[in-house]
Amino acid sequence: MSFITCRGLTFSYSPESRVVINGIDLEIEKGSYTAVLGHNGCGKSTLAKLMCGILLPTGGSVCVGGIDTADAERAYEVRRKCGMVFQNPDNQLVASIVEDDVAFAPENLGLPRGEIRRRVDEALATVDMSGYAKHSANKLSGGQKQRVAIAGVLAMGPECIIFDEATAMLDPTGRQEINAAMKRLNREMGLTVITITHYMSEAVEADRIIVMDHGAVAADGSPREIFSQVEKLKAISLSVPQVTELMYEMELDGFAMPRGILHAMEAADEIEKRAGGGKK
Amino acid sequence: MLKDVTFGQYYPGDSFLHRADARIKIIILIIYLVIALAAQSALAVALSAAFTLYLAVASHIKLRLLLKSVKPLIFVLVFTGIINLFFTAGSGEPLLQWKFITIYREGIRNAVIMLIRLVSLVLGSAVLISYTTNPIDLTDAIESLLSPLKKIKVPVHEFAMMMSIALKFIPTLIEETNKIISAQKARCADFESGNVFRRIKSLVPVLVPLFVSAIRRAEELADAMECRCYRGGEGRTKLKEMKTRPADWIFLLAAAAMCACVIFLNRVPVKEVFEFWKGMF
């Protein structure tokens, strides 16, 4: 069953400016894990904002969980169902103390005090930040701040979380933390996860990759399918994972290598096979 | 350069001041300011200084931090001290007369009172509010105290929200300012030499990028808040309940009594108080 449905979606920030999203038809399955790739300015972030109802389409429609985002009366229902984690951890935390920040969304929903408490504790436990409930958010590391931001969205009780380059400003450790959290939310809690990223290694983890170019979908498929099309990705100035790149270069040099290799171990196996087994 | 800003810096703790209801603390702050400003006679000033000392000790805030809150004021303190010392004309014989400098008894008295008053004002409000009150509690308290104004359409919730966000972003913006200053210095910007006007002018290349980035941050924050279903104060609930305990009321009564005492002592000369004291025994 599809959770988010875009039909002939177009968008521009003002009537005179250029069209940022140019006719997108897309369905995101409930409980799926999707990565969105594309170079800067291709409309990835705009698409994300359209999907959680922060921006409204100028043409076509977006439906989230059966609700049209253009339906002004149910706008908050859309936002509650589909949360978003942004790039800069400093710019999305509202309160100075961790638990106050996580409580922001349930407070906005007007939930009773006991329920807010329960949700805050649960959300912080999910991202492994329970020990920091009373800490000052300013003094946390980037990865920790971003986990608090995830908890803040989780406390709202969403069905889908969109990560808009949520790892772009983090160090490698922070990036790992957030990627692990994303995976866990999808695999263990059954949340629909959409991640917009520049890191191919992150995209490989997803079940499905959508490649965007000039406000339209350029390619859509499993990581294996997408990364087999090395020439096509290069044509729209995107890179492929290092291992895939290596296999591609070897193929160009005349070795018959299978397309769409994503992991180092797979590649090692293939190379070993062609090297005739070699010494054990 | 900006490391000494203590405004809006909360130091978590578990003192009696930390636990007190923020609304009561705001009212006590007002009473406290009246006490510090109204104290004129020697006894009244002593009493108000004692109150300040009591608050400082009761807050369990480290002495180093307390001094830090006064530090930015040193120039003002020295300046007012000197002005009061030299420019107060007294009625009696001058204590010291040397060339154009004359010091009267009243001058010394005024200088001391002024210094105690200024230090009390800064220290007291730091200890009562900034150091011991969680910013969220503080803005909640302001919202709650001003809520009667909602009836005449004053946007109280919006005001409180703006204030809490401003407080939250102070450290972030300070960090950013330092970064921009370093970046400009790396490109040979000069912030230290020249007269005051030159120095102020040299801050323009710092302020412009700071404002641009602050506006960008605000836009992103607005999106993030909308994403988390923010829609103003209506129908909003709170995680933390504001509770006024009996101890808070006692604290408030004590402060009010102190205020009455100070006003009373202002009217009574020291001699009479001593005589009254002797008469008691």
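In the predicted model, chain A and chain B bury about 3,300 Å² between them, and 53% of this area lies on carbon and sulfur atoms. On the side of chain A, the residues that lose the most area to chain B are N91(A), N108(A) and R113(A), which together account for 21% of what that side buries. The contact involves 36 residues of chain A and 28 residues of chain B.

Polar and charged interactions cross this interface. Seven salt bridges are found between chain A and chain B, and 16 residue pairs are in polar contact, with both residues at pLDDT 80 or more. Four helices of chain A, namely α2 (75-81), α3 (98-102), α4 (104-108) and α5 (113-126), each contribute at least two residues to the side that touches chain B. The largest share of that side, five residues, is supplied by α4(A). By class, the side of chain A that touches chain B comprises 18 nonpolar, eight polar and ten charged residues. One salt bridge joins the side chains of R228(B) and D101(A), at 3.3 Å from N to O. In addition, a network of salt bridges links E99(A), D100(A), R117(A), D121(A) and K134(A) with K240(B).

Over all chains, the structure holds 35 salt bridges. Within helix α5 of chain A, R118(A) takes part in two pairings, described here in turn. The side chains of E115(A) and R118(A) meet at 3.1 Å, N to O; these residues are three apart in the helix and are therefore separated by about one helical turn. R118(A) also forms a salt bridge with E122(A), with the closest N and O atoms 2.8 Å apart, and these two residues, four apart in α5, are likewise separated by about one helical turn. Relative accessible area is 23% for E115(A), 43% for R118(A) and 47% for E122(A); E115(A) is thus partly exposed, as are R118(A) and E122(A).

A further salt bridge connects R224(A) and E266(A), whose side chains meet at 2.7 Å, N to O. Because R224(A) belongs to helix α9 (residues 223-228) and E266(A) to helix α12 (residues 264-274) of chain A, the pair ties together parts that are 42 residues apart in sequence. R224(A) is partly exposed at 40% relative accessibility, and E266(A) is partly exposed at 24%.

Five aromatic pairs are present over all chains. In one of them, the ring centres of F11(A) and Y13(A) lie 5.0 Å apart and the planes stand at 85°, so the arrangement is edge-to-face. F11(A) has a relative accessible area of 5% and is therefore buried.

Conventions: Residues are numbered from 1 along each chain as its sequence is written. Chains are lettered from A and ligands numbered from 1 in the order in which they are written. This is a predicted model: local features need pLDDT of at least 70, side-chain atom pairs count only at pLDDT 80 or more; totals for chains, interfaces and linings use all residues. Side-chain values use heavy atoms; hydrogens and water are left out. Contact means heavy atoms within 4.5 Å. Buried area is the accessible area (1.4 Å probe) that two parts lose on being put together, summed over both. A salt bridge is a side-chain nitrogen of Lys or Arg within 4 Å of a carboxyl oxygen of Asp or Glu. A polar contact is a pair of N or O atoms within 3.5 Å; within protein, one must be able to donate a hydrogen and the other to accept it, and residues adjacent in sequence count only if both atoms are side-chain atoms. Ala, Val, Leu, Ile, Met, Phe, Trp, Tyr, Cys and Pro count as nonpolar, Asp, Glu, Lys and Arg as charged, and the others, Gly among them, as polar. Rings of Phe, Tyr and Trp (its six-membered ring) pair if their centres lie within 6.5 Å; planes under 30 degrees apart count as stacked, over 60 as edge-to-face and the rest as tilted. Buried means under 20% relative accessible area, exposed over 50%, partly exposed in between (1.4 Å probe, protein chains only).
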